[in-house]
Amino acid sequence: MKIAKKFMTLALATALGVGCATVGVSAAGSRTSAITVSAEQSAIYEVVQKIEDTEGFADLKAELPVVADAFKEVNEGKMEVAEFKDVLKTLADETTDEEVKAALEEVVEKLEGKEFVTGFDEFKVLDADKAEKNADGKYEVEIAVPSITDAMENIQLLTYSKEDAKKWQIVDPISVDKENKTLDVALDDGAFFTVIADAE
């Protein structure tokens, strides 16, 4: 009887060990973090996590394939901030638009010492009649970001928007609620964004 119990304990420990290892691999391999719009605004705005399925991503792939590929690699957990900065540096070197170049160089500088909290998602306006623009022409929305922790400092957004002449920006949220893991943010319709914070 004791031998049978020992085997059962060993089998259970092995099963649990395998289960834990599997969970760890899937968590490390992807940055999907289920960002959602607050319930009150969910009929007006949407955060699209499967960006590969969107028209905006198809346009990006056609216009800037290197950026589209980088977004995908970040989302799959295959690219960190340091490598993403290299992509932006190359874009800055290649662009002839001085305003875009300056914006890219500023973003590269501000990304120093940062890490990705989420992957890249796309912000979409679902109901243009009910959506309201602020004084800067952006839409203010509350989003839930489950991967926010109490230890995170200087939580910001890295955004790419075709609506904005500068296109690339690092912006501060309007407000941060670490306890409820929510951010109030201002975004352009169709903007791609990721949440970043100081590297721990």
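An open sheet of four strands, in the order S1-S5-S9-S8 and with antiparallel pairing, is a convenient place to enter this structure, which is a predicted model. Strand S1 (36-37) and strand S8 (175-177) are the edge strands, each pairing on one side only. S1 is joined to strand S5 (residues 139-144) by two bridges, and the two run antiparallel. In that pairing, threonine 36 stands opposite alanine 144 in S5.

Strand S9 (residues 182-187) contains threonine 182. This residue has a relative accessible area of 14% and is buried; the cut-off for buried is under 20%. What does threonine 182 contact, leaving aside its neighbours within four places in sequence? Its partners are Glu142, Ile143, Ala144, Ser175, Val176 and Asp177. Of the strands already introduced, S5 covers residues 139-144 and S8 covers 175-177.

A second strand pairing involves strand S6 (residues 156-160) and S7, which run antiparallel and are joined by four bridges. Here leucine 157 stands opposite valine 171 in S7. In a regular strand the side chains alternate between the two faces of the sheet. Strand S7 (residues 168-171) shows such an alternation: Trp168 and Ile170 point to one face and are buried, while Gln169 and Val171 point to the other and are not.

Trp168 leads on to the nonpolar interior. The largest nonpolar core has 28 residues, and Trp168 is listed with Phe71, Phe84, Leu88 and Leu111 as having the most contacts inside it. At least two residues of this core come from each of H2, H3, helix H4 (81-94), helix H5 (98-110), S6, S7 and strand S10 (192-198). Which element gives the largest share of this core? That is H4, with six residues. Leucine 88 is in contact with Leu104, Val107, Val108, Leu111 and Trp168, leaving aside its neighbours within four places in sequence. Apart from this core lies another, of 23 residues, including Val37, Phe123, Tyr139 and Val145.

Next come two of the helices. Two packed helices are described by the angle between their axes and the distance between the axes. For helix H2 (residues 55-63) and helix H3 (residues 65-75), the angle is about 130° and the axes are 5 Å apart. H2 and H3 are therefore oblique to each other. On the H2 side the contact is made by Phe57, Leu60, Lys61, Ala62 and Glu63, which meet Pro65, Val67, Ala68, Asp69 and Phe71 in H3. The residues of this contact divide into seven nonpolar, no polar and three charged. Phe71 also belongs to the group with the most contacts inside the largest nonpolar core.

Helix H5 contains glutamate 99. Is glutamate 99 buried or partly exposed? With a relative accessible area of 42%, it is partly exposed. Not counting residues up to four places away in sequence, glutamate 99 touches Ala165 and Lys166. Glutamate 99 and lysine 166 are 67 residues apart along the chain, and their C-alpha atoms are separated by 6.2 Å.

The totals for the protein complete the picture. Its secondary structure comes to five helices and 10 strands. Of its 200 residues, 38% count as buried. Among contacts between residues at least 6 apart in sequence, 75% join residues at least 24 apart; the pair of glutamate 99 and lysine 166, at 67 residues apart, is separated by 6.2 Å between C-alpha atoms.

Methods. Residues are numbered from 1 along each chain as its sequence is written. This is a predicted model: local features need pLDDT of at least 70, side-chain atom pairs count only at pLDDT 80 or more; totals for chains, interfaces and linings use all residues. Side-chain values use heavy atoms; hydrogens and water are left out. Axes are lines fitted to C-alpha atoms, for helices over the stretch in contact, and angles run from 0 to 180 degrees between N-to-C directions. Angles under 35 degrees count as roughly parallel, over 145 as roughly antiparallel, 65 to 115 as roughly perpendicular and the rest as oblique. Contact means heavy atoms within 4.5 Å. Ala, Val, Leu, Ile, Met, Phe, Trp, Tyr, Cys and Pro count as nonpolar, Asp, Glu, Lys and Arg as charged, and the others, Gly among them, as polar. Buried means under 20% relative accessible area, exposed over 50%, partly exposed in between (1.4 Å probe, protein chains only). Two strands pair if DSSP finds at least two bridges between them. A nonpolar core is a set of buried Ala, Val, Leu, Ile, Met, Phe, Trp, Tyr and Cys residues joined through side-chain atoms within 4.5 Å.
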